[in-house]
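Q: Please take a close look at one part of this model and walk me through it in some detail. Start wherever you like, then work outwards to what surrounds it.

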Amino acid sequence: MNDVLVIGTVALDTIETPFGKVEKALGGSATYASFAASFFATPALISVVGNDFPKEYIELMRKRSISLDGLKIIGKTFHWEGFYEYDMNEAKTRKTELNSLEHFKADVPEKFKGIKYVFLANIDPEQQLETLRQMNKPDFVVLDTMNFWINNKKKYLINVIKKVDVLLLNDGEARQLFNTINLVKAANSALSMGVKAVIIKKGEHGALLFTKNKHFSAPGYPLENIKDPTGCGDSFGGAFVGYLSKTKDLSEKNLRKAIVYGSVVASHNAEDFGLNRLKQLKMKDIEKRYKEFQDIREF
Ligand code: AMP
């Protein structure tokens, strides 16, 4: 039985960082998110790829027990081309070729409609809304997005925010979406729209959690070996939701733990290009770094 539903993109990514370049590597928000969630849960994925999508990538996802019944195959795969300069906290987009994503309509297979934990990973907010509309009262819904959709589909995005439990976004996106340079003000704007929690990711500097009366700050992991941060936000979100679905405890205290698990998986993800690191990662590596996070936090 699947316990986390992830909708987002499955992509071919061309990425350049100061440490190298990959072309048409497996990527996409739903790919990273479901890979990360699969350490804690059994995810079902809703997305679209093209006829050009390599079979070996499908196999890789199947091997991680990610259910692909909600993956459509139409036309040509979504292709994102991005680069990073020495400030690896900010991805710069060179090209976004929506391809099959342009006419994609999310269809949730009947057997996934009762899944209680939903991650609306970064994709067209119209399809995030459509997915939610088809679900039978999930217990917990987390939403992620990015500047592309804030620029192009803000009205739909605001509608989705009003329907979710947790809004997840990075600091630049929070400032842009809520039109303020102050992150506390941005978080309060989101809380006033009805979300129970806002998580603001600050790249290598960690993540902030805002709830109505509390505030938590998770540190960044001091990574010495960083090659490619692509997918860190998505793997953070996937591990966060996966851990919560495993523990079934939505208290603020447990949200904090889920954020640290999210940070652990995301920090591992940055150690190699594309999915290369997550492919090798083991639960014992995750637990080891989780303990290091506890030490970093102690004072
Ligand atoms: P992040 O976690 O923010 O680094 O996400 C990186 C992933 O987002 C890449 O693998 C891209 O394929 C994917 N991506 C890039 N642009 C978009 C977009 N406009 N909508 C959805 N996914 C995207």
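**Helix α6 and what lies around it**

A: Let's start where the helix stops: in this predicted model, α6 is followed by Asn179, and the phi of Asn179 is positive, near 55 degrees. There's an asparagine at the other end too. Asn170 caps the N-terminal end of α6, with a side-chain oxygen 3.2 Å from the backbone nitrogen of Gly172.

Between those ends, α6 covers residues 171-178, and its buried residues are Glu173, Ala174, Leu177 and Phe178. Look down the axis of α6 and these buried residues fall within an arc of 110 degrees, so they line one face of the helix.

So what sits over that face? The cover on the buried residues of α6 includes three helices, α4 (147-152), α5 (154-161) and α7 (183-192), along with strands β10 (166-170) and β11 (197-201).

One of those covering helices, α4, takes us to the ligand. Together with β2 (11-17) and α8, it makes up the elements that give two or more residues to the ligand's shell, as we'll see once the contacts are laid out. That shell has 18 residues, and the closest are Asp13, Gly28, Trp149, Gly231 and Asp234. On the polar side, a ligand nitrogen is 3.0 Å from an N or O atom in the side chain of Thr9, and a ligand nitrogen is likewise 3.0 Å from an N or O atom in the Trp149 side chain. For Asp234, a side-chain N or O atom is 2.7 Å from an oxygen of the ligand. On its own the ligand exposes 510 Å², and the protein buries 89% of that. Here are the shell elements again: β2 (11-17), α4 and α8 each give two or more residues, and α8 gives the most, with 3.

Now the wider packing. The largest nonpolar core has 59 residues, and Val10, Phe53, Ile199, Phe240 and Ile259 have the most contacts inside it. Helix α9 (residues 252-269) gives the most to this core, with 8 residues. Setting aside neighbours within four places in sequence, Ile259 touches Ile199, Ala207, Leu209, Phe216, Ala218, Phe236 and Phe240. There's also a second, separate core of 45 residues, which includes Met135, Leu157, Leu167 and Ala190.

Back to backbone angles for a moment. Lys248 isn't a glycine either, yet its phi is positive, about 50 degrees; it lies in the loop between α8 (232-247) and α9 and is exposed, at 59% relative accessibility.

Notes:
Residues numbered from 1 in each chain as written. Predicted model: local features only at pLDDT ≥ 70, side-chain atom pairs only at ≥ 80, totals over all residues. Heavy atoms only, no water. Core = buried A, V, L, I, M, F, W, Y, C linked by side-chain atoms within 4.5 Å. Buried < 20%, exposed > 50% of the residue type's maximum accessible area, 1.4 Å probe, protein only. Helix = DSSP H or I, 4+ residues; strand = E, 2+ residues; numbered from the N terminus. Contact = heavy atoms within 4.5 Å. Arc of directions from axis to C-beta. Polar contact = N/O pair within 3.5 Å; in protein donor to acceptor, adjacent residues only side chain to side chain. Near = heavy atom within 4 Å. Areas by Shrake-Rupley, 256 points an atom, 1.4 Å probe, with all protein chains shown as cover.
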